[in-house]
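Me: I have a structure with its sequence to hand and would like a close look at one part of it. Please begin with a single residue, and then lead me on to the place where the chains meet and the spaces around it.

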Amino acid sequence: MTATTPAAVIDIIEPPKPIGQQIVEFCRRNTTVVFGSILLLSMVIIAIFAPFFAPGDPLALAPARRLRPPSETYWFGTDMFGRDVFTRTIYGTRISLIVGISVSFLSTLIGLVIGMLSGYVRMVDAIVMRIMDGLMAIPGILLAIAMMALTKASVENVVIAITIPEIPRVVRLVRGVVLQIREQPYIEAAQSIGTRFHRILIKHILPNIMAPLIVQATYICAAAVLIEAGLSFLGAGTPPNIPSWGNIMAEGRTFFQIAFWIILFPGLFLSVTVLAINLLGDGLRDALDPRLARRM
Amino acid sequence: MAEAASPKKGHLLEVTDLKKHFPIRKGIFSRITGHVFAVDGVSFTIGHGETLGLVGESGCGKSTVGKAILKLLEPTAGEVHLNGKKISDLNQLEMRPHRREMQVIFQDPYSSLNPRMSAGDIVGEPMYNYGLAFGKEKEEKTRQLFAKVGLRAEHMLKYPHEFSGGQRQRLGIARALAVNPSLIIGDEPVSALDVSVQAQVINLMMDLQKEFNLSYLFIAHDLAVVEHISHRVAVMYLGKIVEMTDKRSLFVAPQHPYTEALLSAVPIPSPKMKRKRIILTGDVPSPIRPPPGCRFHTRCPYVMDHCKVAEPPMKEVAPGHFVACHLRQPGQAMYAIAAHATSSARTAGATEH
């Protein structure tokens, strides 16, 4: 402290630390975030550079070499058609991450807009919330089967089928935060200084929603990856010509007793990915909202 | 009420028979089962450069008056004229240009500032909203405002949580000043602050009043603070104004029994002086079912049968001194109560015991 009189207010302004040092400090304090992001990042790299990690063709059939156990040539073994499980698992990462990320992005975006309007404009609220209750009652699996029956199996349909039941969760979260914030005196203050409606939403309410929303997005991402695998396993998800973890496991299910590797390796990848996303979400929640961390 | 029947020239703010009733909803169909009569017919005027203090105990509706004038709450009935223009029936969009004229300082300096905006952005926002200044010019004007309210330019980059209560209230004042208003409604602007800081903030407000010829509607429950800053004082009880006059006559010769009781509760800063306390019994009646007749009759020490049925009208007992009490007759300010209950005036009435 510099020389200040006791009555003087503390007005020492600390020079901002260099950004590198800030990042190091953040990482030291939030190890789960770091661990989760490293795991997730490696998954993303695997997905993007799949042809580099697994040079073979994930669809190439080789009936002569079927159901081979893991070896030097076939790290994760081969399935009942002689396809390389390693190659297929690596390519499956793409589908899982695409589905996870698009579902969490779409549902948070749509949920954010609906939730903010519903929380701030009372007229909209009653109607919107009843629709959301209705949406919440639709099971994702049934919706996916219905969509497959109506159109054809595709990754886009899977994304839509998982997104729709997730939207109400985001809407409820956002609406709750908006309802809490709109009663704050600083919103009244913003009105009294002539702040326009859309600016109040964007400048005063939105920044306060971001922290819980980001956390919710990571959970949705993890859930979407799991649901996608589940849907594919049931045959209501990704079409069977695209290797996804769920598909691989579904096909290997019947050979489980003689060729465990077909199910084991995609299952491991699935678990690690979901773990990584959840770790990231938990860590972010603690870092962004200390109050929530203490409550846990 | 008679004195505010038509918009007069020269008054900055004119409030006529303002009412705000909050519906009470119950059941699945949100049926309206009753009303909270928060503000029930309030009239007053504020001149240019004048401060009207509005006092009353908590729950009497004084903050609701402020919010209804600002149209942060939609008034149920009554008229509000600002500079001769009727603003009470404008919608939010039509209201926007008039908000420049009339600003507000909130009670809670913690929750009235957005925690995620820097101090400079908070004070600069009104200028952005009305297109008064942008970019460098806005920054320069913000800097000037910071200097006006006794904050330093470096503070502009800090966030509200880094300030003390008094500094935050200064930020609130700077934000209100940013659009050059002529009226500032202070909704208990100092009651959340330490006494020493209260004095600083009040003196700042008085200095700014002189400099910009501001008018204040100063809502408070602290009589000492109101006495210091106000020119005139209005006393509210259960949604109505019971007495309104200039500061001197209110504190020297209060005419309403409620005012008298309020004043008797103000401590005298001398160990030798003691005043006879008028202790009111009972609680404030519920504003959902206000008592018939005079609203104060349930607690009034001088209650008469007449008070329980007839509501006393506002009477001008002395020039500029309005009282709503059956004990008082127009043109005849009576000092009888003051005599037999011992004077409760803070300045002259402290009696030696």
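Reply: Happy to. Leu262(B) is a good place to begin: this residue sits in helix α9 of chain B, which covers residues 257-264. Please keep in mind that everything here comes from a predicted model. Once neighbours within four places in sequence are set aside, Leu262(B) has Leu223(B) and Val235(B) as its contacts. Leu223(B) is 39 residues away from Leu262(B) along the chain, yet their C-alpha atoms are 8.3 Å apart.

The same helix range brings us to an enclosed space. Over the whole structure, a search turns up 3 cavities of 30 Å³ or more. About 70 Å³ is the volume of the largest cavity. Its lining has 13 residues, and those closest to the centre are Pro257(B), Cys294(B), Cys300(B), Cys307(B) and Cys325(B). Sorted by class, this lining has 10 nonpolar and 3 polar residues, with no charged ones.

Now to the meeting of the two chains. Here 20 residues of chain A touch 27 residues of chain B. The size of an interface is often given as the accessible area lost when the parts come together. For chain A and chain B, the buried area is about 2200 Å², with carbon and sulfur atoms giving 52% of that area. On the side of chain A, the residues losing the most area to chain B are Glu188(A), Ser192(A) and Ile193(A), which together make up 27% of what that side buries.

What of the polar side of this interface? Between chain A and chain B, 10 residue pairs are in polar contact, both residues being at pLDDT 80 or more. Two helices of chain A, α8 (185-192) and α9 (197-234), each bring at least two residues to the side that touches chain B. The most comes from α8(A), which gives 6 residues. By class, that side of chain A is made up of 8 nonpolar, 7 polar and 5 charged residues.

Side chains of opposite charge can pair when their charged atoms come close. Between chain A and chain B there are 2 salt bridges. In one salt bridge, Glu125(B) pairs with Arg199(A), and their closest N and O atoms are 3.3 Å apart. Over all chains, the structure holds 26 salt bridges. Glu125(B) belongs to helix α3 of chain B and Arg199(A) to helix α9 of chain A, so this pair joins two chains.

Glu125(B) also takes us to the second largest cavity, since this residue is part of its lining. That cavity holds about 50 Å³ of space. From chain A, the lining takes in Tyr186(A), Ala189(A), Ala190(A), Ile193(A) and His204(A), while chain B brings Asn114(B), Met117(B), Ile122(B), Glu125(B) and Arg175(B). At least two lining residues come from each of α8 of chain A and α3 (119-129) of chain B. The largest share is that of α8(A), with 3 residues. The lining splits into 6 nonpolar, 2 polar and 2 charged residues.

Finally, have a look at the largest pocket, with its volume of about 830 Å³. Its lining counts 28 residues, and those nearest the centre are Tyr120(A), Glu188(A), Gln191(A), Leu72(B) and Gln92(B). From chain A, α8 and α9 each supply at least two residues of this lining, as do α1 (62-69) and α2 (92-99) of chain B. By class, the pocket lining has 9 nonpolar, 7 polar and 12 charged residues. Glu188(A) is a handy residue to keep in view here: this residue is among those losing the most area to chain B, and is also one of those nearest the centre of the pocket.

Key. Residues are numbered from 1 along each chain as its sequence is written. Chains are lettered from A and ligands numbered from 1 in the order in which they are written. Side-chain values use heavy atoms; hydrogens and water are left out. Contact means heavy atoms within 4.5 Å. Buried area is the accessible area (1.4 Å probe) that two parts lose on being put together, summed over both. A salt bridge is a side-chain nitrogen of Lys or Arg within 4 Å of a carboxyl oxygen of Asp or Glu. A polar contact is a pair of N or O atoms within 3.5 Å; within protein, one must be able to donate a hydrogen and the other to accept it, and residues adjacent in sequence count only if both atoms are side-chain atoms. Helices (H or I, at least four residues) and strands (E, at least two) are DSSP runs, numbered from the N terminus. Ala, Val, Leu, Ile, Met, Phe, Trp, Tyr, Cys and Pro count as nonpolar, Asp, Glu, Lys and Arg as charged, and the others, Gly among them, as polar. On a 1 Å grid over the protein atoms alone, a cavity is a set of points where a 1.4 Å probe fits but cannot get out, and a pocket is an open set with protein on both sides within 12 Å along at least five of seven lines; lining residues have an atom within 4 Å of a point. Grid points are joined across faces, edges and corners, and a volume is the space filled by probe spheres set on the points.
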